[in-house]
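Colleague: I am new to this structure. Please take one part and look at it closely, then connect it to the rest.

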Amino acid sequence: MIYLDNAATTRVCPQAAQAALEAMTEQYGNPSSRYPLGREAAKRLKDQRSQVAAALGCAAEEIFFTSCGTEGDNWAIRGAVELGKRKGKHIITTAFEHSAVLEPCKALEREGYEVTWLKPDKTGHISIDDLTAALRPDTVLVSMMLVNNELGTIQPVAEAARAIKAAHSPALLHTDAVQAFLKIPFTPKALGVDLLTISGHKVRAPKGVGALYIRKGLRFPPLMLGGGQEEGMRPGTEATAQTAAFAAACAVGKAEMNSYTTRMKELKEYALDSLLGAIPELKQVGESDAPHILCLTLPGYKSEVLVRVLGDMGVCVSAGSACHRGKPSHVFAAMGLPKNEMDGAFRVSFSPDSTREDVDGLREALIKARDTLFTTLS
Ligand code: PLP
């Protein structure tokens with residue numbers, strides 16, 4: 001099998017799998033329990049928080065474990081509007097966020113909030129001038145993703161923070177950094193954000209864990225109420241196997257970040273040259289900046305069919321939101337892509353384990369799929 005869908009999820013790294021196994025079979029105490037097994041679990045949880053914080057470049061007290069990126073995004077958005085409810089009911093976000101941001105914003109729209117949806121340009125980037133023009137005295141939240149999950153484009157989040165400050169706006173700034181964490185260098189402080197979401201399974205930890213960064217000093221409300229865990233901010237018995245694995249994956253990911261990203265960047269360049277060279281109809285969509293995501297299109301073909309045919313040949317890539325329940329991708333629609341390019345778009349995404357042989361296999365499978373589908377179509 002050739003797995004080139006690492007923006008969807010990654011294979012768990014051995015260090016993370018080992019840490020999870022130990023947490024489940026040996027250090028299985030509840031961190032709230034007062035006897036040694038529990039106290040040991042609490043101590044480990046503290047260390048794990050510090051490891052995730054070190055990988056992100058923030059203080060341990062600013063990290064709150066969640067169950068996934070979707071939870072972090074929902075919490076950030078709901079919490080920010082709750083905090084700002086006396087200041088206004090205006091939100092700014094982008095039209096090509098992940099549904100974990102889009103859907104809570106749409107829900108708030110139905111509840112009477114006004115949402116300004118910033119559109120990306122043809123390269124897949126948001127303009128700061130558009131954001132500056134949209135800011136109002138009653139804007140309480142700006143949510144802008146750091147790396148777009150379909151295109152791999154980096155958004156101007158640090159510039160957004162400066163624009164908010166320059167406008168003396170009361171808005172909090174949230175960024176969904178799920179596809180950026182350990183792929184591009186940043187810290188929450190350097191970006192100037194108040195809230196930032198990350199997810200474990202995109203960085204070789206298991207599914208079922210993530211974290212929300214909440215800037216120190218921000219009195220932020222919890223999303224749920226319960227037993228007081230995570231300083232009362234995110235109750236529920238801590239998922240110690242997942243947090244152990246997340247911390248282990250973060251430690252490896254941070255230590256190896258330079259070599260991993262260099263390798264993925266080189267592979268992305270190789271894929272672009274090799275695929276576009278062999279298949280003249282193939283085109284790149286947007287101008288990917290992140291090392292691990294490449295969006296391509298085979299105009300005239302249907303990506304959901306292409307992805308299924310490639311899958312049958314053992315090659316995993318993603319049609320992503322390109323075929324979201326048969327509807328056109330909101331990402332490509334927001335970019336104003338022509339219909340035939342929109343329909344044929346698919347995403348290739350790398351991990352540090354991906355190889356040139358994987359790309360070669362994809363190229364051969366793509367050629368076969370194109371020829372088979374062309375014959376079927378004609
Ligand atoms: N945000 C982005 C940009 C993503 O790519 C994803 C997952 O694909 C999420 C949020 C949701 O993360 P999770 O799957 O951990 O809920």
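Modeller: Here is a close look at the aromatic rings, followed by helix packing and a few single residues. Keep in mind that this is a predicted model.

Start with the rings. A pair of aromatic rings is described by the distance of the centres and the angle of the planes. Searching the whole structure turns up three aromatic pairs. One of them joins Phe 64 and Trp 75. Their centres are 6.2 Å apart, with 75 degrees between the planes. This pair is edge-to-face, because planes over 60 degrees apart count that way. Phe 64 belongs to strand S2, residues 63-66, and Trp 75 to helix H3, residues 69-83. The two residues are 11 apart, and the pair links distant parts of the chain. How buried are these two residues? Phe 64 has a relative accessible area of 8%, so it is buried. Trp 75 is buried too, at 1%.

Trp 75 has another partner. With Phe 220 it forms a tilted pair, 6.4 Å centre to centre and 50 degrees between the planes. Here the link spans 145 residues. Trp 75 sits in H3, while Phe 220 lies in the loop between strand S8 (210-214) and helix H8 (240-255). Phe 220 is buried as well, with a relative accessible area of 6%. Put together, ring pairs join Phe 64, Trp 75 and Phe 220 into a cluster.

Two other rings have a charge over them. The charged end of Lys 89 sits over the ring of Tyr 113, 5.0 Å from its centre. For Arg 356, the charged end sits over the ring of Tyr 270, and the distance to the centre is 4.2 Å.

Now follow the chain from the loop of Phe 220 into H8, which spans residues 240-255. Helix H1, residues 14-25, packs against H8. Their axes come within 7 Å and cross at roughly 155 degrees. H1 is therefore roughly antiparallel to H8. The crossing is right-handed. On the H1 side, the residues that meet H8 include Ala 16, Ala 19, Ala 20 and Ala 23. On the H8 side, they include Ala 241, Ala 244, Ala 245 and Ala 248.

Helix H2, residues 36-56, also meets H8. These axes come within 8 Å and cross at roughly 35 degrees. This crossing is left-handed. Leu 45, Gln 48 and Val 52 are among the H2 residues in contact. Their counterparts in H8 include Thr 243, Phe 246 and Cys 250. Thr 240 and Ala 244 of H8 meet H1, and both also appear in the contact with H2.

Ahead of H1 is a loop that starts after strand S1 (2-3), and Asp 5 lies in it. Asp 5 counts as buried because its relative accessibility is 11%, and buried means under 20%. Leaving aside neighbours within four places in sequence, Asp 5 is in contact with Cys 316, Val 317, Ser 318, Arg 347 and Ser 349.

Last come two backbone angles. Leu 182 is not a glycine, yet has a positive phi of about 65 degrees. It lies in the loop between strand S6 (172-176) and helix H7 (188-191). At 9% relative accessibility, Leu 182 counts as buried. Arg 204 also has a positive phi, near 70 degrees. Arg 204 is in the loop between strand S7 (195-199) and S8. With 11% relative accessibility, Arg 204 counts as buried.

Note on methods: Residues numbered from 1 in each chain as written. Predicted model: local features only at pLDDT ≥ 70, side-chain atom pairs only at ≥ 80, totals over all residues. Heavy atoms only, no water. Phe/Tyr/Trp six-rings, centres within 6.5 Å; stacked < 30°, edge-to-face > 60°. Helix = DSSP H or I, 4+ residues; strand = E, 2+ residues; numbered from the N terminus. Buried < 20%, exposed > 50% of the residue type's maximum accessible area, 1.4 Å probe, protein only. Lys NZ or Arg CZ within 6 Å of the ring centre and 35° of its normal. Axes fitted to C-alpha atoms, helices over the stretch in contact; angles between N-to-C directions. Parallel < 35°, antiparallel > 145°, perpendicular 65-115°, else oblique. Left-handed = near helix turned anticlockwise from the far one by under 90°. Contact = heavy atoms within 4.5 Å.
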